[in-house]
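Q: Could you take me through this structure one feature at a time, giving the general idea before the particular case?

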Amino acid sequence: MADQGIESVLQETRVFIPPSAKDVGGPEWLISSLDQYNEMYKESIDNPEAFWAKVAEDFHWFKKWDTVLEWNAPDAKWFNGAKTNVCYNCVDRQVESGHGDQPAIIWEGEPVGDNGSPVDQRTLSYKELQTEVSKLANALKSKGITKGDIVTIYMGMVPELAIAMLACARIGAPHSVIFGGFSAQAIADRVGDAKSKMILTCDGSWRRGKVVELKKNVDDAIESMGNDSPVESVLVLNRTNCGAPMHTIDSDWATETGAASADCPCEELESEDMLFLLYTSGSTGKPKGIVHTTAGYMLFTATTAKYTFNLVPDTNQTFWCTADCGWITGHSYIVYGLLPNRVPTLMFEGGPDYPTPARFWQIVDRYKVTQFYTAPTAIRAFMKWGDEHPASCDLSSIQVLGTVGEPINPEAWMWYRNKIGRGVCPIVDTYWQTETGGHVLTPLPGATPTKPGSCTLPMFGIDAAVCDEAGNVAKENVGGLMTIRKPWPAMLRGVYGDRQRYIDTYWSTVAKDGEPYYAAGDNTRRDELGNFWIMGRTDDVINVSGHRLGTMEVESALVSHESVVEAAVVGMPHEIKGTGIAAFVTPAPGFEGDDDLIKTLRAHVATEIGAIAKPDMIRFTNALPKTRSGKIMRRLLRSIAAGDINITQDMSTLEDLSVVAKLSEKDEG
Ligand code: PRX
C-alpha cells in the first residue's frame, strides 16, 4: 500500500529514478546512488582544495603545483606554480600509455553518395592525431606564431578544426574560434578585439548540400579592417574545392603541414596561461571575449564529462555532441573534456536533416553512439519531422542522453526519453555557460532522480544557490538569482581587455558580507527536492535555438541600415527555436515599411552578424513606445510580440504604438 502511495506521487510529479547500468547496456555507473553523489558533493564543497588536488593526480604535469587555489575575489588562481599542457593530456598521454592506436576522433562529412552513404569518413587514432597536431603546430610556428599570440579559427566541422585547437594549445597560442555561421563583420569585430595575427580557415564548408564560402568571409573581414587589420597570415584548408582565391598573406594548409616536421614537443605552460578566448553575447555592446586558462579548465571539463556522461574507456563507448566547435559546448564536450577520458569523440560536419531528417539517427546507428548530447531546439525539430525517422534506425546503443543550451520543455523531454532513449535512458539536462567552462547543474545518470524541465543538482565543486542581491538564499520554490558562491576550476578568468566589464557583469550583483558571488545572469528556483529550475535570463540576452544573442547587438545591426531610424528587439516564444527574435522598427523618411523592407533588413542582419540573428518577425511603427523618461517599453513590446496584446493582424502595416504605450505606461514604471 505504502509503495503504491510513493508510486503515485512519483507518477504525479514525474520523477524518473535512474535505471541500472544493465538496463541501458552500459558499464557500471561511476556514481550509482544519490547518497554517493551527496557524499562526494559535500567533500568537494567542504574541502575543494583536497578534492581537486585528488582529481589532478590523474593528469600529467611537467611540474606539480605550489598551491591548489589562491582566491582573491574575483580573481582565482588554480594550481599555481604548476606546469602542464592541455594538448599533452588530450593526446600525447594516451599515446605514451600505450593507447596510441585507439580511436580519438571519428568524423563524418556531410555529402552522401547515390546510395545515401556518406562519402567522407575518417577515424583518427591518438597517434595520428599527435602527428597531425604536431605538424600543424610547427606550421604555425613557421608563420611566426609563438606563445601568447592569439590565433583565430574560422572553419567548418572538419577534424582539422579540432586539430587546429589542439595545435594552438600545444604551443601555448590561445585560440579564438569563431562559429562558421558568423558574418565577415562579426569576424572583423572579434579579430580586431583580439588583435589576432593569424586566421585558420577553410575554403568553404558543406551545409545542407551547399557550400558556405568561409574564406570569402575572411577576405571581406580583412578588407573591411583596412590598415587596422592585425592579420599577417591566413592558412586555408581546401575542403570543398570551391576555388577560393588566394592572396599574398594566404597559404595552403596541405602544403604547409606537408612540409612541417611531425616532431613538436608540448610547451610547458603555467596553469594560468590563457588556453582560449571565446566571444559571447552580453546585454550591452559588442560580444565579449571570455578568457579561459589552462589547468583548471582542463580538470573541470574532463571531470564533468566523465561523471555527467559516465565515460569509461575500453568499454566501446562513442560519444557524440552535436554542437559546433564554434560554441563553448564544442570546446568543452567535443574536444577538451573528451580526449583526456580516452573515449572517442564523434564530429559531424552537416545539419540534422540533410539529406534526410533521419541523418542524425543514421549516424547514431552507424557508429553505435553511446552518449548523445544535443540542444532542445533540435529535439523540438525532430519531434516535428516525425517519429518514423528515429524509428527507422537502431538506437539501442545509446546509454545516456544529454541536453544543453536552453530550458527544455517537458513534452520535448518526454519525447527524447521515449523515442530516442527507448523509455529507459537517463536524460542529463546540463545547465552551464560560456563563462562557467563546464557543467554547473546536471543530473548524474546513475544517481540523480530527474524531472522533465529541471537541471536538478550542482556538479561537484559548484556551490550553487538561489540568492537575492544581499546573498540571502531564497526559500523553497521562490525565484531568485542563479549564483555560485565559491570559485571553481573552469570559471572564466576575465573579459579580454576589459577588466571593468568582468567585475561589473559577474561580480557586482550579489555579495554577502562584502564577499562577491558569481551572478550567472539567470533567474532560477529550487524545488522541495533541491532541484534547480532555470527560469530565464535577468538581462537582455536571448537564447535563440540555444544560441546566445544580445538584443542590443541585433538592434545595432538594424539601425546601421539606412532605412532604419530606430529599432527595438525582444524575444518572443517560438515553437522550435524556444525564443524567436521580434524587431520593432521605425523606418526612415522615404522608406516604406513593407515586405520588401522586411526582406532587406533580415538580409542586412545576416550580413552584420550571421543568419542566426535574423529577426523572425519585423513590425514597423512610426514611433517606439517609450516611458516619459525615454526608456523603450520592452515589456510592452514583449507582450505584443507574444501576441498577448493584439494590435493588428497585419504584421507589416505601419502602427502607431503611442496609444498602447500611454495605456501601459504605469505598468512599465
Ligand atoms: O540562460 C542559460 C542558458 O544558456 C545560457 C548560456 O549560454 P552560452 O554561454 O551560449 O552557453 C550555452 C551552452 C552551455 C545560460 O545563461 N542555458 C544553458 N543551458 C541551459 C540553459 N538554460 C536552461 N537549461 C539549460 N540546461
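The dialogue that follows takes up confidence, helix packing, a pocket and backbone geometry in turn.

Q: What is the mean pLDDT of the protein, and which of its elements have the lowest and the highest mean values?

A: The general caution is that where pLDDT is low, the predicted coordinates should not be read in detail. This is a predicted model, and the mean pLDDT of the protein is 94, with 94% of its residues at 70 or more. Among the elements, helix H1 (residues 2-13) has the lowest mean pLDDT, 48, whereas helix H7 (residues 159-171) has the highest, 99.

Q: Over which residues does pLDDT stay under 50, and how many contacts beyond four places in sequence does the model have there?

A: One such stretch is residues 7-12, for which the model has 1 contact beyond four places in sequence. Another is residues 649-654, where pLDDT also stays under 50 and the model has 14 contacts of that kind.

Q: How should I read the packing of two helices, and at what angle do H7 and helix H12 cross?

A: Two packed helices are described by the angle between their axes and the distance between the axes. In this model the axes of H7 and H12 (residues 328-336) come within 11 Å and cross at roughly 90°, which means that H7 is roughly perpendicular to H12. On the H7 side, Ala 162, Met 165, Leu 166 and Ala 169 take part in the contact, and they meet His 331, Val 335 and Tyr 336 in H12. By class, this contact has 6 nonpolar residues, 1 polar residue and no charged ones.

Q: Which residues meet where H14 contacts H16, and how are the helices set to each other?

A: The axes of helix H14 (residues 376-385) and helix H16 (residues 410-420) come within 10 Å and cross at roughly 70°, and the two helices are therefore roughly perpendicular to each other. Ile 379, Arg 380, Phe 382 and Met 383 in H14 meet Glu 411, Ala 412, Trp 415 and Tyr 416 in H16. The residues of this contact divide into 6 nonpolar, no polar and 2 charged.

Q: What is the volume of the second largest pocket, and which residues are closest to its centre?

A: A pocket can be read from its volume, then its lining. The second largest pocket has a volume of about 440 Å³, and of the 20 residues that line it, Val 55, Asp 58, Phe 59, Lys 306 and Tyr 307 are the closest to its centre. Helices H3 (34-46), H4 (48-56), H5 (86-99) and H11 (295-309) are the elements that give two or more residues to the lining, and H11 gives the most, with 4 residues. The lining divides into 11 nonpolar, 3 polar and 6 charged residues.

Q: Where are the cis peptide bonds before Pro 74 and Pro 355, and what is the phi of Arg 342?

A: Most residues other than glycine have a negative phi, and most peptide bonds are trans. The bond from Ala 73 to Pro 74 is cis, with omega near 0°, and Pro 74 lies in the loop between strand S1 (67-72) and strand S2 (75-80). A cis peptide bond also joins Tyr 354 and Pro 355, with omega about -5°, and Pro 355 is in the loop between strand S17 (345-348) and helix H13 (359-367). Arg 342, found in the loop between H12 and S17, has a positive phi, near 55°.

How values were computed:
Residues numbered from 1 in each chain as written. Predicted model: local features only at pLDDT ≥ 70, side-chain atom pairs only at ≥ 80, totals over all residues. Heavy atoms only, no water. 1 Å grid on protein atoms, 1.4 Å probe; cavity = no way out; pocket = protein on both sides within 12 Å on 5 of 7 lines; lining within 4 Å. Points joined across faces, edges and corners; volume = space filled by probe spheres on them. Nonpolar A, V, L, I, M, F, W, Y, C, P; charged D, E, K, R; others polar. Axes fitted to C-alpha atoms, helices over the stretch in contact; angles between N-to-C directions. Parallel < 35°, antiparallel > 145°, perpendicular 65-115°, else oblique. Contact = heavy atoms within 4.5 Å. pLDDT = per-residue confidence, 0-100.
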